[in-house]
Amino acid sequence: MTVNTQSTIGAIATEHPLATRVFARHGIDFCCGGGRPLEQACAARNLELDQVLKEIESEIDSTPTPEVRWDQKSLPLLIHHILEHFHEPLKEELPRLESMARKVHQVHGDKDPALAEILEVLLALEQDLQQHMTKEEQVLFPMILNEQGRLAGGPVSVMEAEHEVAGEMLRRLRSLTNDYRAPAGACNTWQALWAGLEALETDLHEHIHLENNILHKRALAS
Ligand SMILES: [Fe+2]
Ligand SMILES: [Fe+2]
């Protein structure tokens, strides 16, 4: 395995999908921030480039199943994957998280004032994502499936701007939840909410990476 350290993070994540686990571990933004070279991203986070490269190698060596290269699959297959693995589960997960966040806020809001803002950010994220997915499903994805992807510059730039906003909300949630470390004595719902929000972040990063770094780029170049 050779990783070109001058490559952008998005390109590395595309060619070596398991690298995203290492990026996530170190808080390296590989979806909206995928346009930066790895060397630069490591320097910005005070990480040793060699160490990060070693971790990527060992992640690949220790995973028996081959990596799925979405840049080498057809665009209809990639869209099907995005819908099945990200959009459909997200439509079920967002209301579940909302109901847990309402409950935790109602019961513990007086003990932790951050819970009010966490609920507020989550509700805004939920609304944004629902509208965003509808636009993808009704406008952008049909254009790509109808081989009109090269004409989709307008919708793509709107979607990428919305991804930035969602990414910012995820950063805010991570900071408000103390990196998803539940306070001592947190009830089961509180702990489940933190776990669910962290999983939402992981999935959304992967989802946005597939769209920004692979789907959009390939559609515009088609
Ligand atoms: Fe999407
Ligand atoms: Fe999207």
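## A residue to start with

Asn-188 has 7 other C-beta atoms within 10 Å, so it counts as exposed. Asn-188 belongs to helix H8, which covers residues 188-220. If you trace the chain back to Val-104, you cross 84 residues in sequence, yet the two C-alpha atoms sit 9.8 Å apart in space. Keep in mind throughout that this is a predicted model.

## Two domains

The protein chain splits into domain 1, residues 9-61, and domain 2, residues 72-220. Measuring over C-alpha atoms, the centres of the two domains are 21 Å apart. Where they meet, nine residues of domain 1 are in contact with eleven residues of domain 2.

Which elements give two or more residues to the side of domain 1 that touches domain 2? They are helix H1 (9-15) and helix H2 (19-25). H1 gives the most, with three residues. Sorted by type, the residues on that side of domain 1 come out as five nonpolar, four polar and no charged.

## The nonpolar cores

Nonpolar side chains tend to be buried together in soluble globular proteins. Here the largest nonpolar core has 36 residues, and the ones with the most contacts inside it are Ile-9, Phe-23, Leu-97, Ala-101 and Leu-193. Two or more residues come from each of H1, H2, helix H3 (38-44), helix H4 (49-61), H5, H6, H7 and H8. Where does this core lie with respect to domain 1 and domain 2? Both domains give residues to the core, so it lies between them.

Take Leu-193 as a way in. Setting aside residues up to four places away in sequence, Leu-193 touches Leu-97, Met-100, Ala-101 and Val-104. There is also a second, separate core, this one of 14 residues, and it includes Ile-82, Met-159, Leu-210 and Ala-219.

## Helix H5

H5 runs over residues 75-108. At 1.5 Å a residue, its 34 residues should span 50 Å, and the end C-alpha atoms are 46 Å apart, which agrees. Along the way, H5 bends by about 35 degrees at Leu-90.

The buried residues in H5 are Leu-78, Ile-79, Ile-82, Leu-94, Leu-97, Ala-101, Val-104 and His-105. What covers these buried residues includes H6 and H8. Some of the names should look familiar: Leu-97 and Ala-101 are among the residues with the most contacts inside the largest core, while Ile-82 is in the second core.

## Helix H6

H6 takes in residues 114-145, and its 32 residues should span 46 Å at 1.5 Å a residue. Its end C-alpha atoms are 43 Å apart, which agrees. H6 has a kink of about 40 degrees, centred on Glu-136.

Which residues of H6 are buried? They are Leu-115, Ile-118, Leu-119, Leu-122, Leu-125, Glu-126, Leu-129, Met-133, Glu-136, Leu-140, Phe-141 and Ile-144. So the residue at the centre of the kink, Glu-136, is on the buried list too, because a residue with 20 or more other C-beta atoms within 10 Å counts as buried. The spacing along the list is worth a look: an α-helix has 3.6 residues a turn, so residues three or four places apart point the same way. The buried residues of H6 pack against H5, helix H7 (153-176) and H8.

## Positive phi values

Most residues other than glycine have a negative phi. Just after H6, though, Glu-147 takes a positive phi of about 60 degrees.

The loop between H7 and H8 holds Asn-178 and also Asp-179. Asn-178 has a positive phi near 55 degrees, and phi of Asp-179 is near 55 degrees as well. Are they buried or exposed? Asn-178 has 11 C-beta neighbours inside 10 Å and Asp-179 has 9, so both count as exposed.

## Before the first helix

Gln-6 is in the segment before H1. With 10 other C-beta atoms within 10 Å, Gln-6 is exposed. Even so, leaving aside neighbours within four places in sequence, Gln-6 is in contact with Pro-37 and Glu-39. Gln-6 and Gln-40 are 34 residues apart along the chain, and 8.8 Å separates their C-alpha atoms.

Note on methods. Residues numbered from 1 in each chain as written. Chains lettered and ligands numbered in written order. Predicted model: local features only at pLDDT ≥ 70, side-chain atom pairs only at ≥ 80, totals over all residues. Domains from an automatic or database assignment. Contact = placed C-beta atoms within 7 Å. Helix = DSSP H or I, 4+ residues; strand = E, 2+ residues; numbered from the N terminus. Nonpolar A, V, L, I, M, F, W, Y, C, P; charged D, E, K, R; others polar. Buried ≥ 20, exposed ≤ 12 C-beta atoms within 10 Å, placed from the backbone. Expected span 1.5 Å × (residues − 1). Bend = angle between axes of the 7 residues up to and from the residue. Core = buried A, V, L, I, M, F, W, Y, C linked by C-beta atoms within 7 Å.
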